[in-house]
Amino acid sequence: MAVRQKAVSTLPTLLRSLRKEPLKPLNHANPLPSLRRSFSLYDQINLIDQVPEDQLRFQGYNDTGFTVNGIEYEGSLLCVGNFLMSWKPKKFSEVTADSLSLFQVVRPIPEILILGCGRNIQHVDPELRRFIQSTGMKLEAVDSRNAASTYNILNEEGRIVAAAVLPYGVSS
């Protein structure tokens, strides 16, 4: 109660001092944040079209393939750093240790493998998970749209990253 009385008694003094000092203009040295921040992270990534020539960048996708650096690719893709190749699996059940055997010999070893499962996230077989971990990589299994987006971010940061992505139209 005493605190409230003290606050009420100091209020008139505070108001008088505020009226005496004119309002200061806003400091425009720090501009407002971009409205692009209101979009999802995926939208922000796809709004950027300036890609260094030596860097892979997923720019789009459809049910049957992906657009990478302005070129449309049909089917599954395997990306290691800035190296891109077709990948044999057509559905998630075909993703095996054998289909990822390239990672037993590739150097430097990517720190993470982003597995694009198609339209939906799929459960990764424990044997496949053990194989990937045995190569020294971490595994992130997500839908293919988010796999492409995550690959772009990590690759832009200069990290050694790999992506194995099935087309977005794959549902199982």
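**Strand 6 and its sheet**

Mentor: Strand 6 (residues 112–116) and strand 8 (residues 161–165) pair in the parallel sense over 5 bridges. This is a predicted model, in which local features need pLDDT of at least 70 and side-chain atom pairs count only at pLDDT 80 or more, while totals for chains, interfaces and linings use all residues. Residues are numbered from 1 along each chain as its sequence is written, and side-chain values use heavy atoms, with hydrogens and water left out.

Trainee: What makes strand 6 and strand 8 a pair?

Mentor: Two strands pair if DSSP finds at least two bridges between them. Here there are 5 bridges, so the rule is met. Within the pairing, Leu113 stands opposite Ala162 and Ile112 opposite Val161. The strands themselves are DSSP runs of E with at least two residues, and helices are runs of H or I with at least four, numbered from the N terminus.

Trainee: Why is strand 6 called largely enclosed?

Mentor: Buried means under 20% relative accessible area, exposed over 50%, and partly exposed in between (1.4 Å probe, protein chains only). In strand 6, 5 of the 5 residues are buried, so the rest of the structure largely encloses the strand. Ile112, Ile114 and Gly116 cover one side, with Leu113 and Leu115 on the other.

Trainee: Which strand pairs with strand 6 besides strand 8, and what is the handedness of the crossover to it?

Mentor: Strand 7 (residues 138–142) pairs with strand 6 in the parallel sense, again over 5 bridges. The chain runs from strand 6 through helix 3 (residues 126–134) to strand 7, and this β-α-β crossover is right-handed. The term applies if, with the strands pointing away from the viewer, the path from the first strand over the helix to the second runs clockwise.

Trainee: What makes strand 5 and strand 7 edge strands?

Mentor: The open sheet has 5 strands in the order 5-4-8-6-7, with mixed pairing. Strand 5 (83–86) and strand 7 each have a single partner strand, so one side of each lacks a neighbour in the sheet.

Trainee: How do you know how many disulfides there are?

Mentor: A disulfide is a pair of cysteine sulfur atoms within 2.5 Å. By this rule the count is 0.

Trainee: Why does Cys79 count as buried?

Mentor: Its relative accessibility is 0%, so Cys79 is buried. Cys117 is likewise at 0% and counts as buried.
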